[in-house]
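Here is a brief report on one protein chain. It goes from the overall fold to the core and then to a pocket.

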Amino acid sequence: MKRTLLLLSSALMLSFMVPSTSSALMQGNTVQYQYFYPNLATNYSNAGNGNYLVGPGIEVANLVASVGSMDISDTNLLASFTIPSSFNSSAFNGFRITDIFGSIAAFTSVTINPITNMAGFSLANITFDADNIWVNWQSLSFDPNTIVSLDVNGSAPVPEPSTLLLLGSGLAGLAYARKRFKS
């Protein structure tokens, strides 16, 4: 009995030493920012296209044609415009954020944050799947005070294999203790 209690208490102490899965969505992960114009088959070169590690501060300094920047946080995309202009009408005039390494939980929703003040911008301008978010703001205009803020949600993280192994070991230990206690 003492030996069983020692094994169970050891397993419990080990469970506190196992790193837990982070509940962060994009924080600490790399995303790719790509601007497309006049369609999704054409990369627009005058933009801050590239891979960005999501963390503190502004990730994309050149949203497109030096009109603004984008701060990507754990669950938000915040585009801030610095000069007045408008987006040309075309099949696609916007950007895509991509989870290029498959390290981010699947995107499950993208909603417009109430601080967004771009006239005419709506959910019709946003498309997403598990690994990509597209924003098409063709024919919309902006001034130096325009903000587009999108809240992003993802699916629950999957437990790490070491956590599942520890849980299984604990259950096996309890079953063994119960069997020994009955005999």
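## Fold

Helices here are DSSP runs of H or I with at least four residues, and strands are E runs of at least two, numbered from the N terminus. The model is predicted. By that count, the protein chain has two helices and 11 strands. The order from the N terminus is α-β-β-β-β-β-β-β-β-β-β-β-α.

Contacts reach far along the sequence. Among those between residues at least 6 apart, 66% join residues at least 24 apart.

## Surface and burial

The protein chain has 183 residues, and 34% of them count as buried. Its exposed area is about 10300 Å². Carbon and sulfur atoms supply 61% of that area.

## Nonpolar core

The largest nonpolar core holds 34 residues. Met26, Met70, Leu77, Phe81 and Trp137 touch the most other members. Several strands give two or more residues to this core, among them S1 (30-36), S3 (68-72), S4 (76-81) and S11 (147-154). In soluble globular proteins, nonpolar side chains tend to be buried together.

Which residues does Phe81 contact, leaving aside neighbours within four places in sequence? They include Leu63, Val67, Phe87, Met118, Trp137, Phe142 and Val148. Asp143, Pro144, Asn145 and Thr146 are also in contact with Phe81.

## Second largest pocket

This pocket encloses about 160 Å³ of space. Its lining divides into eight nonpolar residues, four polar and no charged. Tyr35, Tyr37, Tyr44 and Phe142 are among the lining residues. So are Ser85, Ser86, Asn88 and Asn93. Val67, Phe87 and Phe142 line the pocket and also contact Phe81.

Terms used. Residues numbered from 1 in each chain as written. Predicted model: local features only at pLDDT ≥ 70, side-chain atom pairs only at ≥ 80, totals over all residues. Heavy atoms only, no water. 1 Å grid on protein atoms, 1.4 Å probe; cavity = no way out; pocket = protein on both sides within 12 Å on 5 of 7 lines; lining within 4 Å. Points joined across faces, edges and corners; volume = space filled by probe spheres on them. Nonpolar A, V, L, I, M, F, W, Y, C, P; charged D, E, K, R; others polar. Core = buried A, V, L, I, M, F, W, Y, C linked by side-chain atoms within 4.5 Å. Buried < 20%, exposed > 50% of the residue type's maximum accessible area, 1.4 Å probe, protein only. Contact = heavy atoms within 4.5 Å. Areas by Shrake-Rupley, 256 points an atom, 1.4 Å probe, with all protein chains shown as cover.
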